[in-house]
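Here is a walk through one protein chain, written for someone meeting structures like this for the first time. Take a look at the picture, then read on.

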Amino acid sequence: MNETICAVCDRISETHTCVTCQSRIRGLLAQIPEQFAWLHLSRQRLQGGGGDGRSSKRLHAPTPGDERVLNMLGPASRQPVTDAEDQAGPMPFLETLATWCEAVADERGLKSVKRHVTTMTTRLTAHLPWIFEQGFVKEFFEEIQDLVRTCQKITLTEPRRELLKGVACPSCDGLTLVRYFPGDWAAECTLCPSVRLDERDYRALVQDIVNTVAVTAIPPEV
C-alpha cells in the first residue's frame, strides 16, 4: 500500500486524511447543531459582569445580552471592516458554515442550500468523503474546531480535562497525556498535536508500561 502523510495531523496515513482525523472532523460537525442551540440559550448576560468577563460598571448602558453570543449569532459584515470596534471576535456561527457550504457548492457544481444550521451541517457532512481529499481539509478542520471550541467556552459546555498521571506520551516521553470529558479521544498529548490515542491504543500503552515495570521489578538470579 502507498503511504502518505495525513494533511491534518502529519502522521503516516494510507489516504490524504487519516481515519482518526476523519472521525474527529465528523465528531465536530455532529456537535454543531447542539452548540448552536446552546448559543441561543446563552444570550442573557451573566449577573455581576459582562459576557466577556469584564465589569458591567460602565458609563454607558450595557449591551442587552452577552456580547460574545450576540457576535456569534449576528451576521458577518458585508463591507470591509474599517473600525476597531466593528466585527470584533470570531467569525459569526452561520457565516462560518455558509462559507464552507458555498465552497463545496462552487467546486462541485451544486445549488446553494438554505442558511440554516441543520441544512448546512447536513450538506457538509454529506460531502466529507470529498472534503477529506482536498488540499484545504486542514483549514476546514481548524475552522470547524475553532467554532466548536469557541461555542463550548461561551456556553460552558467545554470538555473537562484530566491529566493522566504516570502515563508518558509515546512521542515526547513527557507526562503530558490528558483526557477530555466528553471527548473523541481516550488520550491526547498537550505538546504533540499528532498524538491522539483511541481507547484501544491507550489501553495498549498502559499495558506496555505495566509489563515494563513488572520486568524491571523481578530480582536478578543469584
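A helix here means a DSSP run of type H or I with at least four residues, numbered from the N terminus. With that in hand, we can place a residue: Thr96 sits in helix H3. Keep in mind that this is a predicted model.

**The overall plan**

The chain has seven helices and six strands. Going along the sequence, they come in the pattern β-β-α-α-α-α-α-α-β-β-β-β-α. Of the 222 residues of the chain, 36% count as buried. The accessible surface of the chain adds up to about 14,100 Å², and carbon and sulfur atoms account for 54% of that. How much of the contact in the chain joins residues at least 24 apart? Among contacts between residues at least 6 apart in sequence, the share is 42%.

**Back to Thr96**

Is Thr96 buried or exposed? Its relative accessible area is 7%, and buried means under 20%, so Thr96 counts as buried. Leaving out neighbours within four places in sequence, Thr96 touches Met91, Glu143 and Leu147.

**One helix with a buried face**

Now look at helix H4, which covers residues 117-126. Its buried residues are Val117, Met120, Thr121, Arg123 and Leu124. Viewed down the axis of H4, these buried residues fall within an arc of 155°, so they line one face of the helix. There is a general idea behind this: an α-helix has 3.6 residues a turn, so residues three or four places apart point the same way. What covers the buried residues of H4? The cover includes helix H1 (19-41), helix H3 (93-108), helix H5 (128-131) and helix H6 (137-155).

**The sheet**

Four strands make an open sheet, in the order S3-S4-S5-S6, and they pair in the antiparallel way. S3 and strand S6 (196-197) are at the edges with a single partner strand each, so one side of each has no neighbour in the sheet. In general, strands of a sheet pair through backbone hydrogen bonds, either parallel or antiparallel. Zoom in on S5 and S6: they pair in the antiparallel sense over two bridges. For Ala187, the bridge partner in S6 is Leu197.

The loop between S3 and S4 is worth a glance too. Lys165 lies in that loop, and Lys165 is exposed, with a relative accessible area of 73%. Lys165 and Thr176 are 11 residues apart in sequence, and their C-alpha atoms are 8.4 Å apart in space.

**Charged pairs**

As a general point, side chains of opposite charge can pair when their charged atoms come close. The count for this structure is four salt bridges. The table gives some of them.

| Pair | Closest N to O distance |
|---|---|
| Arg24 and Glu188 | 3.7 Å |
| Glu95 and Arg115 | 2.6 Å |
| Glu162 and Arg179 | 3.7 Å |

Start with Arg24 and Glu188, which form a salt bridge. Arg24 is in helix H1 and Glu188 is in strand S5 (residues 187-189), so this pair ties together parts that are 164 residues apart in sequence. Both Arg24 and Glu188 are buried.

Next come Glu95 and Arg115, which also form a salt bridge. Glu95 is in helix H3 and Arg115 is in the loop between H3 and H4, so to speak two distant parts of the chain, 20 residues apart. Arg115 is partly exposed, with a relative accessible area of 46%.

Then there are Glu162 and Arg179, whose side chains meet in a salt bridge. This pair links strand S3 (residues 160-163), home of Glu162, to strand S4 (residues 177-181), home of Arg179, and the two residues are 17 apart in sequence. Glu162 is partly exposed at 30% relative accessible area, and Arg179 is partly exposed at 22%.

**The cysteines**

How many disulfides does the structure hold? It holds zero. Take Cys189, which is in no disulfide: the nearest cysteine sulfur belongs to Cys169 and is 3.6 Å away. A disulfide needs the two sulfur atoms within 2.5 Å, so that pair does not qualify. Cys189 is buried, with a relative accessible area of 8%, whereas Cys172 is partly exposed at 33%.

Note on methods:
Residues are numbered from 1 along each chain as its sequence is written. This is a predicted model: local features need pLDDT of at least 70, side-chain atom pairs count only at pLDDT 80 or more; totals for chains, interfaces and linings use all residues. Side-chain values use heavy atoms; hydrogens and water are left out. Buried means under 20% relative accessible area, exposed over 50%, partly exposed in between (1.4 Å probe, protein chains only). The arc is that of the directions from the helix axis to the C-beta atoms. Contact means heavy atoms within 4.5 Å. Two strands pair if DSSP finds at least two bridges between them. Accessible areas come from the Shrake-Rupley method with a 1.4 Å probe; for residues, only the protein chains shown count as cover.
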